[in-house]
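Thanks for coming, everyone. Please have the sequence and the structure open while I talk.

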Amino acid sequence: PPRSTLFPYTTLFRSGDVASLYRDGLAQRRGESDGAACRDFFRNEYRLDRLTARYPKPYISLIDGVFMGGGVGISCHGTHRVVTEKALFAMPETGIGLFPDVGASYLLPRLPGKLGAHLGLTGARLKAADLLYAGIATAYVPSAKLEQLLAALAETPENPADVIAAFAETPAEAPELATLRDRIDHCFAAPDVVGVLERLDGDASEWAAATAAGLRRMSPTSLKLTFEASRRGAALSLEDCFVMEYRLSQGCMAGGDFYEGVRAVLIDKDKSPRWSPGRLEEVTEAMISAHFAVPSLGDLCFDNEGSLNLASHV
C-alpha cells in the first residue's frame, strides 16, 4: 500500500515574500529588472500546488497555526486536512490588490452555498469549527495530540483515514458560519460585487454592516477579479484554474493596486491604500477582461502535459 506524505504546520508558512515581488515589479517598471521573479514565483508556486493536488499517495496536512495564501495552496489540495485549535485560515489577498490564488478559484466555488464567495471577497478568518463546517478541514485533533498522531501515522501509513479518525475530536466552539449561513448565502448570491454590497446594505444586522465596511476597504479591482475568477472557476478543471490564475497574477503585476496595497500594508504600514480606480463603478469590464488575457511572455503549462488551452472557457 502507498505510504502517506505528511505535511506538518507548526508556524506561519510563507511560500513567498510579497515584498520581494513588490520590489522586483517596481524595478521592472524602472527598467532595472526583466520581471522574471514575478513570473517564476507564481509559475513555480502553482506547479507545486498542482503537484500536491494530484499526488498519488494520501497527502496529510497537519495544520497547527496560521495558514493563509501560500500555506493554503500546499495544504488544502491534500486528501487529509487536520486542524488544531491553533489553526487560523484566511485568503486576504483583496486587501493588497491581488486575488485568492493557489487554486482558490477552484476550491472556493466548491464550498457549500456561497461560503467561498464570502471568504474570497472579504478575507474572513476561520478557526477550527468553521473550517470543518466549510469543508476546508477534514478533521480536528487537539494540538497536544499531534505528536501521538504523527507516531501512529508512521506506524500505520496505509490507513491514514482510520488513524486520524481515532484521534479526531469535536472542537469546543460551535461554527459561527452556521449562524450566518442564510445571510451569507443571500448576500453573496448577488450577480456582481455591487449587488453583494447592495444586499449587505439592505441587511440591518451588525454582521452585514461590518462586512460591507470591510469590502469597501478592499481594492475594487481585486474584488471584481475575485468574483469573476470564482464564477469561471466553478466550471473549470483544477489545471485550467491554475492557468487562469497565472494570467491574473501577471495582470496584477502589470497593474497598480498590488504595489499600492503592499505599500500600505507592509512597507509604509499606514493601512490607507489609494486604490486606482477607487470605486467599483469605475472598474470596467474591459479592465477585468484584460487580466484574463494570455501574458505576452507565455502561459503556465505543466510538465509532460503541454500547454492548456482556456479558449473555450474565456
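Let's begin with one pairing. Ile-63 has a bridge partner in strand β4, and that partner is Val-83. Keep in mind that this is a predicted model. Now widen the view. Strand β2 covers residues 59–63, and 4 bridges join β2 to β4. The two strands run parallel.

Stay with Val-83. In β6, its bridge partner is Tyr-140. Strand β6 is short on paper: residues 139–140. Between β4 and β6 there are 2 bridges, and these strands run parallel as well. So β4 is bridged to β2 and to β6, by the definition of pairing used here.

Which way do the side chains point? In a regular strand, side chains alternate between the two faces of the sheet. Look at β2. Tyr-59, Ser-61 and Ile-63 point one way, while Ile-60 and Leu-62 point the other. Every one of these is buried. That is 5 of 5 residues, and β2 is mostly covered. Now β4, residues 80–83. His-80 and Val-82 face one way, Arg-81 and Val-83 the other. These are all buried too, the arginine included.

Next, the cores. Nonpolar side chains tend to be buried together in soluble globular proteins. How many residues does the largest nonpolar core have here? It has 42. Phe-67, Phe-89, Leu-131, Ile-136 and Leu-200 have the most contacts inside it. Several helices supply at least two residues each: α5, α6, α9, α10, α11 and α12. There is also a second, separate core, with 28 residues. Among its members are Phe-42, Leu-248, Tyr-259 and Phe-302.

Zoom in on Phe-89. What does it touch, leaving aside neighbours within four places in sequence? The contacts are Phe-67, Met-68, Val-72, Leu-119, Ala-124, Arg-125, Leu-126, Leu-131 and Ile-136. Three of those names should sound familiar: Phe-67, Leu-131 and Ile-136 were on the list of best-connected core residues.

On to helix α10, residues 193–201. At its start, a side-chain oxygen of Asp-192 comes to within 3.4 Å of the backbone nitrogen of Val-194. Val-193, Gly-195, Val-196, Leu-197 and Leu-200 are buried. An α-helix has 3.6 residues a turn, so residues three or four places apart point the same way. Where do the buried residues of α10 pack? Against α9, α11 and α12.

Helix α2 next. It spans residues 36–53, and Thr-52 is in it. Is Thr-52 buried or exposed? Its relative accessible area is 5%, under the 20% limit, so Thr-52 is buried. Its side chain reaches the backbone oxygen of Asp-49 at 2.7 Å. Beyond residues up to four places away in sequence, Thr-52 touches Tyr-59, Gly-73, Ile-74 and His-77. Tyr-59 takes us back to β2.

For contrast, try helix α8, residues 160–167, where we find Ala-166. Ala-166 is exposed, because its relative accessible area is 63% and the cut-off is over 50%. The C-alpha atoms of Ala-166 and Val-141 are 9.7 Å apart, with the two positions 25 residues apart along the chain.

Cysteines. How many disulfides does the structure hold? It holds 0. Take Cys-76: the nearest cysteine sulfur belongs to Cys-241, 15 Å away. A disulfide here needs sulfurs within 2.5 Å, so Cys-76 is in none. Cys-76 counts as buried, at 9% relative accessibility. Cys-187 is buried as well, at 0%.

A few backbone points. The peptide bond from Ser-276 to Pro-277 is cis, with omega near 0°. Pro-277 sits in the loop between α14 and α15. Lys-269 is in that loop too. Lys-269 has a positive phi of about 55°, although it is not a glycine, and it counts as exposed at 54%. Val-102 also has a positive phi, about 45°, and is not a glycine. Its loop runs between β5 and α4. Val-102 is buried, at 2%.

Last, confidence. The mean pLDDT is 91, and 91% of the residues reach 70 or more. Which stretches fall under 50? Residues 9–16 do, with 19 contacts beyond four places in sequence in the model. Residues 305–314 are also below 50, and that stretch has 21 contacts beyond near neighbours. Where pLDDT is low, the predicted coordinates should not be read in detail.

Definitions and conventions: Residues numbered from 1 in each chain as written. Predicted model: local features only at pLDDT ≥ 70, side-chain atom pairs only at ≥ 80, totals over all residues. Heavy atoms only, no water. Core = buried A, V, L, I, M, F, W, Y, C linked by side-chain atoms within 4.5 Å. Buried < 20%, exposed > 50% of the residue type's maximum accessible area, 1.4 Å probe, protein only. Helix = DSSP H or I, 4+ residues; strand = E, 2+ residues; numbered from the N terminus. Contact = heavy atoms within 4.5 Å. Polar contact = N/O pair within 3.5 Å; in protein donor to acceptor, adjacent residues only side chain to side chain. pLDDT = per-residue confidence, 0-100.
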